[in-house]
Amino acid sequence: MSCQKSHAPAPAEAPERLEHWWHRATGYQIYPRSFADSNGDGVGDIPGIIGKLVHLADLGVGFIWLSPIYASPMVDNGYDISDYRAIAPEYGTLADLDRLISEARDLGIGIVMDLVVNHSSSLHAWFKAARASRDAPEHGYYIWREAAPGGGPPDDQEAVFGGPAWTWVEEVQRYYFHYFSPAQPDLNWQNPALRAEVHDMMRWWLDRGIAGFRMDVISLIGKDIDQRIYEEGPDLHPFLQEMHREVIAGREIVTIGESWSVSPETGLLYCAQERKELDMVFEFSHIREGWHPELGKFAPKPFDLVGFKRALFEWQELTRHEGWNALFLTNHDLPRQVSFYADDGKHRRNSARMLATVLHMLKGTPFIYQGEEIGMTNARFERIDQYRDLETLNHFEDQIARGVAPEEFIAGANRNSRDNARTPMQWDAGHGAGFSTGTPWIEVNSNADQINVAQDRSDPESIFAHYRHLVRLRRELDVIAFGETEPLLPDSSAIMAFQRRLGSARVLVLANFTANRQAVCLPLDTCGEGRCLVSSHRARRRIDPDLEMAPFESFAVLFDS
Ligand code: NOJ
């Protein structure tokens, strides 16, 4: 293979962009149930989070995305809210939350709340009123249909968590629609009074001093179920624009929407600055790359780096001049990244550092999911009774009934179940991994005595230190915060390579996604003598067109031309 000159077009200058605090910040997602338990009941809580703020300040993050801590029957671990203005007793009190907001603010960390308004809990006062009488104003806050002629559900729509999307309510003689579980009835966004309630609640939280919202499955709120249009329905963007006008305009907060359907064709509709909707969206094209096209997440296919890069770079290109990226590889719904994308055994530390380098050198706001900063791995449960997640449990029932062997399902769940990311945070090698003095609500990963914060931070080459360095680079270097991204070697199934450019500054990023040494052949005009910004192995300064990379090696070099 001979090395060639690259034919990448000379990058155009970006139009002037208004800089916001979140452009250089890194987010950190906390799944409260599994983060830190202060009272020994086996469930994480808000005082537990407060006790760990120093860890996050040390990492340098700019804000915490707090998965739901609201009152909830916890059918979906808080993504089923029964009171949007109250805290679940197992997590603490409103006073605890106010203390978290203020102590985090003192450390320069904002609190971003999870806004779950596609649906409420079936135990929300609205739904209780709605299901009691057709005449209650709240009846119109939910989506109802009559039974089919002759009885039974109105149609055959299915819920994402398994089973029909319809549940019958005797009192009103109607079915309600639930995209997720029956405990999560969908809110009817067509109802202006419901929208006004949501806006009011959002303002109430913002007035308490939070830094913004992560909006759960927000792309579903404009749905038209009769047309079977769920994602990105006709009213989605009008609803988001209205929310911006009513709640967000004039406040220096951050808004991140979750959308499982957004594509490069629709991405800027959410986050182009002048449209006044959201600041960025979590989009999942790179995640879906790892799923089986027909059988979905419980039958994952082997990781394909070429498809993964294509997905990420497509969004880098989309947001070259407009919009913004939310960068992530894992969250509470996804497997641990070292287990899914790299090697969680012998090469775990370098794998973790390599994945961090790749993500944090891209353009956008990166998110670290709790435990990622020490390279936590998938749970590897052996039996279905070790799982807690309703999606996994429902799909198990469903697939076993369809003839799938239990071992086969567990193999898929070991790779992709949401519980892989929900095992308790591993703080130390003591009882309950330092997460709880009691019995954790879900088993601690069996590797907690080797993989934990205390162990990692005592290592001079720690994964934590690597993350801290990456977080700082984004704050300090304009080229990392705002530089344009230029993909290199798109067809390589082993190497991820790209450059970032801003003015005369250029950063070259290289990562070996394999457990083998790899010979890399770079375009001549990417080479030269630079300054090593970050590296998992020896610091590289001189970049030659032919170089060899160690297993899971990664580095970034800054050039000034
Ligand atoms: C997306 C959340 O991330 C997930 O955990 C939840 O189950 C669904 N939305 C329903 O709220």
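**Two sheets and a ligand site**

Let me begin with the sheet in which three strands, in the order β6-β8-β7, form an open arrangement with antiparallel pairing; strands here are DSSP runs (E, at least two residues) numbered from the N terminus, and two strands pair if DSSP finds at least two bridges between them. Because β6 (144–145) and β7 (166–169) stand at the edges with a single partner strand each, one side of each is left without a neighbour in the sheet.

Before going further, I should say that this is a predicted model, in which local features need pLDDT of at least 70 and side-chain atom pairs count only at pLDDT 80 or more, while totals for chains, interfaces and linings use all residues. Residues are numbered from 1 along each chain as its sequence is written, and side-chain values use heavy atoms, with hydrogens and water left out.

Staying with that sheet, β7 and strand β8 (residues 174–177) run antiparallel and are joined by four bridges. Val 169 has Arg 174 in β8 as its bridge partner, and Trp 168 is partnered by Tyr 175, also in β8. The two strands form a hairpin with four residues between them, and Gln 173 in the turn has a positive phi of about 55 degrees.

The other sheet is open too, with eight strands in the order β11-β10-β9-β5-β2-β1-β13-β12 and parallel pairing. Its edges are β11 (280–282) and β12 (326–327), each with a single partner strand, so one side of each has no neighbour in the sheet. Strand β10 (residues 254–258) runs parallel to β11 and is joined to it by three bridges, with Gly 257 standing opposite Val 281 in β11.

Now to the ligand. What surrounds it? There are 13 residues, and the closest are Asp 76, Asp 216, His 332, Asp 333 and Arg 418, where a residue counts if one of its heavy atoms lies within 4 Å of the molecule. By class, this shell has seven charged, four nonpolar and two polar residues, with Asp, Glu, Lys and Arg taken as charged, and Gly among the polar ones.

As for polar contacts, meaning pairs of N or O atoms within 3.5 Å, an oxygen atom of the ligand is 2.4 Å from a side-chain N or O atom of Asp 76. For Arg 418, the corresponding separation from a ligand oxygen atom is 2.9 Å, and for a polar side-chain atom of His 119 the value is 3.0 Å.

Definitions and conventions
A polar contact is a pair of N or O atoms within 3.5 Å; within protein, one must be able to donate a hydrogen and the other to accept it, and residues adjacent in sequence count only if both atoms are side-chain atoms.
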